[in-house]
Amino acid sequence: MVTEAIAAARAGDRVRARDLFSRLLRSDSANAEYWVWMSSVVDTDRERIYCLESALKVDPTNREAMRGLVILGARKPSDSELAASLRIPRRQVAAVVTTRSAGAGSRATGRINWTLVGMSTIAILSVAIIAMLVGPLLGLFTPRLFAQAPTLPPVTATFTPTALLPTPTSTPLPASTRVWRTPVSTQLAQTPLAFFVPATSTPTPMLGVTPHPRYEAYDSAVTALIAGNYQDALRYIDQVLAIAPSLPDAFYLKGEILRLMGRARDAIAPYDQAITLNRSFAAAYLGRGRALLTIDLVKSMADYDQALKLDPSLVAVYYEKSDAYAAKLQWEKVEETVQQAIDAGLHQPELFVRLSIAQFNRGNYSDALQNAIEGSADDPTLISGYLAVGEAYYELRFFNDALWPLKTYVMYAPKDPLGWAYLGRTQVATGDLDGALASFEQAFQLNDHFAPAYLGRGYYHLAREEGQAAYNDFLNARRYGPDDYFALYYGFGKAQYQSGLYVDAIRNLNRALQLAGQENALGEREWKKAEVYAMLGLVFEATNPPLTDDAIISWQWILTLQGASPDARTLAEQHLKALTGKVPTRMPTLTASPTIPVTPSATPTATTSAAPTNTPLPSDTPTPGPSPTPTPEPIPEGH
């Protein structure tokens, strides 16, 4: 591809060269050569300068990029560059042009200075070479590549403090990632994302509007409507209807004007008239469906469906249907609606982002990631795409990959506490605890009752082994409605383990175990179960006296789970070896219930060394009774 791209650039096929170098830079934005060549096929000096500056950020010693910037006036030549340039002394110039003394028939007395000729030739060749390198810097830059510039260093693994259960090593996903690996630079934070994409959007003609040269007032109504002058638009369209009462799109236009004025009920009658005059007028069904949306949802959806029956390419219908279902948290219907659009041959990037959001909320994180990547890569101006990509990466435990889209998202949507909460949770997972705390504070400034931020900050305190503070944050998360009940009860259990409240820890870990079993994807269930069993193993070993048999069962359960992470398996093997003196050579077959019971004789009591030094946590210890197995509290519907 490199060879083909260079050949296209040299042949003057800048469009082909731009396309190829764009693809190369998407795969490797840290290649200075690609940036230099891209600078030769863009259109404006601003774009050329950007490409060359990007090349220098990758390779500060790149002379071609530096010389190009000097020629473009973006940088001043360094002293070393000036010292290295060829200088022809004035006296040598004089010697070259000197001729023999005046006088008829006399021979030339001046000799040719061959040293000067050689130096002049070298100078000319040097200028020619520079021109060849920088001369091609005339060419439209694919603005999408601005986001690829290595304006921030690529995200690298951050040291993570030793965790209770190490973070599993992520395996690359099967599909290649099409989105960029570098966040938008902080210096470019105020630049509209539309600046970074290659295509200039073409204005979409107003739906359902047909030009009528005979009626000047019709065009005036359309112009006023576009400008938001609804009163003028209504006056003009009434003039049209007074002389052309059988024009269906005029009635449709009046319905649109009234709806946009906030008079949805008044708009229904004009839409009805438009449909009466033309039963195949898809836009009129769409307009009436919009007007009915807040009045009668069933009738609204019927109109939307009729509009799609008449014209399956009306992407706005799919958007509005999915919005209506999403408002009611009916994510399965959202997914069905968006998939219907894609099956109809529509491939707008926003459809894939919406499909990703629906799949994410249904717990299908792998498909959610793939569709988020599909939509976000095709249209980087979709702010929601960055959040969709970051959330999916986080839930799949690709924490380093989640950082860059989340950072870009909060840069362009700084008022969304969910973005800050997810960024903070990701920073906790990558060991950036200071950054995480700052992100959570940003979320709380926007909404001090935001449960996801309390949940995330609880894990921040767990990473610092501050069990009491973590417990308090988890209580607030439960109070305001957490977005992840598994993470909540697992966090409760871990916080109580850190504070020595082992009976309460076991009870909440059992709740987390039940929730892990309700996950949609088998892999999700198993790695979460493995984490819970690991925590239970640690709790059983920490009791006084240790509940060794229960601990062994917990560690053995991890080895039966194919979806358990390698780190969880290693931890289980280490503890089994310490407890039994050997590691099972094959997967054990266990018949016990996956919920670890708490037996009366095994009721643990905290040792003095394990007791918390801060205010004791509120006790969740169940009342003793004949059946010591704790009964989980009801989990809200939908979780």
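This is a short chat about reading helices, burial and salt bridges in a predicted model.

Colleague: Where do I start? How many helices and strands does the protein chain have?

Modeller: Start with the secondary structure: the chain has 29 helices and 0 strands.

Colleague: And what share of the residues is buried?

Modeller: Buried means under 20% relative accessible area. Here 47% of the 639 residues fall in that group. As for the outside, the chain exposes about 31600 Å², and carbon and sulfur atoms supply 54% of that.

Colleague: Now salt bridges. How do I spot one, and how many are there?

Modeller: Look for a side-chain nitrogen of Lys or Arg within 4 Å of a carboxyl oxygen of Asp or Glu. By that rule you get 21. Try Glu350 and Arg354, whose N and O come to 2.9 Å. The two are 4 residues apart in helix α17, so about one helical turn separates them. Glu350 is partly exposed at 27% relative accessible area, while Arg354 is buried at 15%.

Colleague: Which residues are joined into one network by salt bridges that share partners?

Modeller: Those are Glu256, Arg259, Arg290 and Glu320. Take Glu256, which is buried with a relative accessible area of 9%. Its salt bridge with Arg259 has the closest N and O atoms 3.2 Å apart, and both residues sit in helix α11, 3 residues apart.

Colleague: What about Glu256 and Arg290: buried or exposed?

Modeller: Both are buried. Their closest N and O atoms are 3.8 Å apart. Glu256 lies in helix α11 and Arg290 in helix α13, so this pair ties together parts 34 residues apart in sequence.

Note on methods
Residues are numbered from 1 along each chain as its sequence is written. This is a predicted model: local features need pLDDT of at least 70, side-chain atom pairs count only at pLDDT 80 or more; totals for chains, interfaces and linings use all residues. Side-chain values use heavy atoms; hydrogens and water are left out. Buried means under 20% relative accessible area, exposed over 50%, partly exposed in between (1.4 Å probe, protein chains only). Accessible areas come from the Shrake-Rupley method with a 1.4 Å probe; for residues, only the protein chains shown count as cover.
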